[in-house]
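Please open the model in your viewer, with selection by residue number switched on, and follow the stops below in order.

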Amino acid sequence: MKNLAGRVAVLFGAILVTLALAPAAMAQLPQPWQMGMQAAASPVAENLQSLHTLVLWIVTVVTIVVAALLLYVIFRFSAKRNPVASRTSHNTLIEVIWTVVPVLILVVIAIPSFRLVYFEDRTANADITIKVTGHQWYWEYDYGTAAKVDFNSRVVADEDLKPGEHRLLDVDNQLVVPAGKNVRVLTTSADVIHSFFIPSLAVQRYAIPGRTIETWFRVDKPGTYYGECNQICGANHSAMPISIKAVPEAEFQAWLIEAKTKFADATPTTGPTLAAPVAVAANIH
Ligand SMILES: [Cu+2]
């Protein structure tokens, strides 16, 4: 018996250590048995996670208080203990309290919540702007007319995965961004509605045909950050991951020059009207 308890303790300890170490990995991607969120890697994600913590505390306290009141009433005012029920139907003080207290709780949640909504919405000082176009089923990244870098990013097929690459997460051409710089993202789509979603950066924006939606992120630490299209967009919806590589500014500038030649001939569809998505998608699986 003692032996079993010891084994359970060791197993439990191992799970805890694994969970604690998981977010420390270089790349930000989902981990097996992950319970919490991916570690925050952008100012918006940090703010979002602290708002989450605040709301979780409030929810926990409210739940405990309400449950305790309920249990008290069930016990104290049962037919056995309280055979003659009170006929009181109004109590102004209590009514004011149970109206005002929830309002105050909502105000406490609303203030940081609205601040965050405006903070994540857009940045006034963007260092670069990238247009992200969703296609069935890949992403296109356009660094603007000045940079003249515009390319497609497709999932690595299962049979082509190299050791260390992640199934349905790694891509042929990563979205490369300068670390520590404000990146403005404009999302749109060439066919159906997609969604540009990177959990560790707290970026989630619809990519809607005929519309352009703005958001931004700043990755402070160089590394790889994974995301996915998270709007059901057709048969290969699961095969349009996002892989962002944040590199130091100098490295980014070097990449830009290289990318200009690398993608010069492979200029993809330049906008929603020129897309031929279904035919292109056929080679994914
Ligand atoms: Cu999609």
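Select Ile58 first, and then add Ile105 and Ile109, which Ile58 touches when residues up to four places away in sequence are not counted; touching, or contact, here has the sense that the C-beta atoms, placed from the backbone, lie within 7 Å. The model is a predicted one, in which local features need pLDDT of at least 70 and side-chain atom pairs count only at pLDDT 80 or more, while totals for chains, interfaces and linings use all residues. Residues are numbered from 1 along each chain as its sequence is written.

A distance label between the C-alpha atoms of Ile58 and Ile105 should read 8.0 Å, although these residues are 47 apart along the chain. Ile58 counts as partly exposed because it has 14 C-beta neighbours inside 10 Å; a residue is buried with 20 or more other C-beta atoms within 10 Å of its own, exposed with 12 or fewer, and partly exposed in between, the C-beta atoms being placed from the backbone.

Next, extend the selection to helix H2, residues 43–76, in which Ile58 is found. Helices (H or I, at least four residues) and strands (E, at least two) are DSSP runs numbered from the N terminus. The 34 residues of H2 should span 50 Å at 1.5 Å a residue, and the end C-alpha atoms of H2 are 50 Å apart, which agrees; the expected span is 1.5 Å times one less than the number of residues. H2 is hardly covered, with a count of 2 buried residues among its 34.

Now move to Leu201, which is, with Phe217 and Tyr225, among the residues with the most contacts inside the largest nonpolar core, a set of 38 residues. Such a core consists of buried Ala, Val, Leu, Ile, Met, Phe, Trp, Tyr and Cys residues joined through C-beta atoms within 7 Å. Leaving aside residues up to four places away in sequence, Leu201 touches Ala41, Ser42, Ala45, Phe217, Val219 and Tyr225.

From there, colour strand E5, residues 183–189, which is largely enclosed by the rest of the structure, because 5 of its 7 residues are buried. Strand E1 (residues 128–135) pairs with E5 in the parallel sense over 7 bridges, pairing being assigned if DSSP finds at least two bridges between two strands. Within this pair, Lys131 has Leu186 of E5 as its bridge partner. Strand E8 (residues 213–217) pairs with E5 in the antiparallel sense over 5 bridges, and here Arg184 stands opposite Trp216 in E8.

The next selection is an open sheet of 5 strands with mixed pairing, in the order E4-E10-E9-E6-E7. Its edge strands, each pairing on one side only, are E4 (175–178) and E7 (203–207). The twist averages 25 degrees from one strand to the next. E4 and E10 (residues 241–247) pair in the parallel sense over 4 bridges, and Lys245 in E10 is the bridge partner of Val176. Helix H4, residues 249–262, lies across E4 and E10 and runs at about 135 degrees to E4; axes are lines fitted to C-alpha atoms, for helices over the stretch in contact, and angles run from 0 to 180 degrees between N-to-C directions.

Finish at Asn173, in the loop between strand E3 (150–153) and E4. Asn173 touches Phe151, Asn152 and Ser153, not counting residues up to four places away in sequence, and its C-alpha atom is separated from that of Phe151 by 7.9 Å.

Conventions:
Contact = placed C-beta atoms within 7 Å.
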